[in-house]
Amino acid sequence: MEFLIMLYSMKISQDIRREHGVAMDAVEAEAEAGMAQKSKEFAEAGNRVYLPIAD
């Protein structure tokens, strides 16, 4: 049952993208660009998950 719900959800998402003219390639490219930007920000912050508390 859960599998059918997931497939139906994916179908709805695909229909919406098709209806509004958003290609999967564009979505994936935008996601990659966003992840690259966040990676750059993380590197600039010192590649540390926990930063020291500022006084």
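**View 1. Alanine 33 on helix 2, a partly exposed spot.** Alanine 33 has a relative accessible area of 48%, so it lands in the partly exposed class. Here buried means under 20% relative accessible area, exposed over 50%, and partly exposed in between, with a 1.4 Å probe and protein chains only. Alanine 33 sits in helix 2. Helices are DSSP runs of H or I with at least four residues, strands are runs of E with at least two, and both are numbered from the N terminus. From alanine 33 to tyrosine 8 you travel 25 residues in sequence and 28 Å in space, C-alpha to C-alpha.

A quick note on what you're looking at: this is a predicted model, where local features need pLDDT of at least 70 and side-chain atom pairs count only at pLDDT 80 or more, while totals for chains, interfaces and linings use all residues. Residues are numbered from 1 along each chain as its sequence is written, and side-chain values use heavy atoms, with hydrogens and water left out.

**View 2. The whole chain, with two helices and zero strands.** The C-alpha trace spans about 50 × 30 × 15 Å along its principal axes. The chain's radius of gyration is 18 Å, whereas a compact globule of 55 residues would come in near 10 Å. That radius is taken over C-alpha atoms, and the globule rule is 2.2 Å times the number of residues to the power 0.38. How many of the 55 residues count as buried? The share is 0%. About 5,300 Å² of the chain is exposed, and carbon and sulfur atoms supply 62% of that. Those areas come from the Shrake-Rupley method with a 1.4 Å probe; for residues, only the protein chains shown count as cover.

**View 3. A nonpolar surface patch.** Phe3, Leu4, Met6, Leu7 and Met10 together make a patch of about 520 Å². Patch members need over 30% relative accessible area and no salt bridge; like charges are joined within 9 Å, and nonpolar side chains (Val, Leu, Ile, Met, Phe, Trp, Tyr) within 5 Å. Leucine 4 belongs to helix 1, residues 2-19. Leucine 4 counts as exposed because its relative accessibility is 55%.

**View 4. Lysine 11 and aspartate 15, a salt bridge in helix 1.** Their closest N and O atoms are 2.9 Å apart. For a salt bridge, a side-chain nitrogen of Lys or Arg has to be within 4 Å of a carboxyl oxygen of Asp or Glu. The two residues are four apart in helix 1, so about one helical turn separates them. Lysine 11 is partly exposed at 40% relative accessible area, and aspartate 15 is partly exposed too, at 28%.

**View 5. Lysine 38 and glutamate 41, a salt bridge in helix 2.** The structure holds two salt bridges, and this one has an N to O distance of 3.2 Å. Helix 2 covers residues 24-44, and the partners are three residues apart in it, which means about one helical turn lies between them. Lysine 38 counts as exposed at 55% relative accessibility, whereas glutamate 41 is partly exposed at 34%.

**View 6. Charges across the chain.** There are 6 positive and 10 negative side chains, and the centres of the two sets lie 1 Å apart. Lys and Arg count as positive, Asp and Glu as negative; His and the chain ends are not counted. Each charge is placed at NZ of Lys, CZ of Arg, CG of Asp or CD of Glu.

**View 7. Two more residues, one on each helix.** Isoleucine 16 is found in helix 1 and is partly exposed at 45% relative accessible area. Isoleucine 16 and isoleucine 53 are 37 residues apart in sequence and 44 Å apart in space, C-alpha to C-alpha. Glycine 34 is found in helix 2, partly exposed at 34%. Glycine 34 and glutamine 14 are 20 residues apart in sequence, with 21 Å from C-alpha to C-alpha.

**View 8. Asparagine 47, with a positive phi.** Asparagine 47 lies in the segment after helix 2. Its phi is near 55°, a positive value in a residue other than glycine. Most residues other than glycine have a negative phi.
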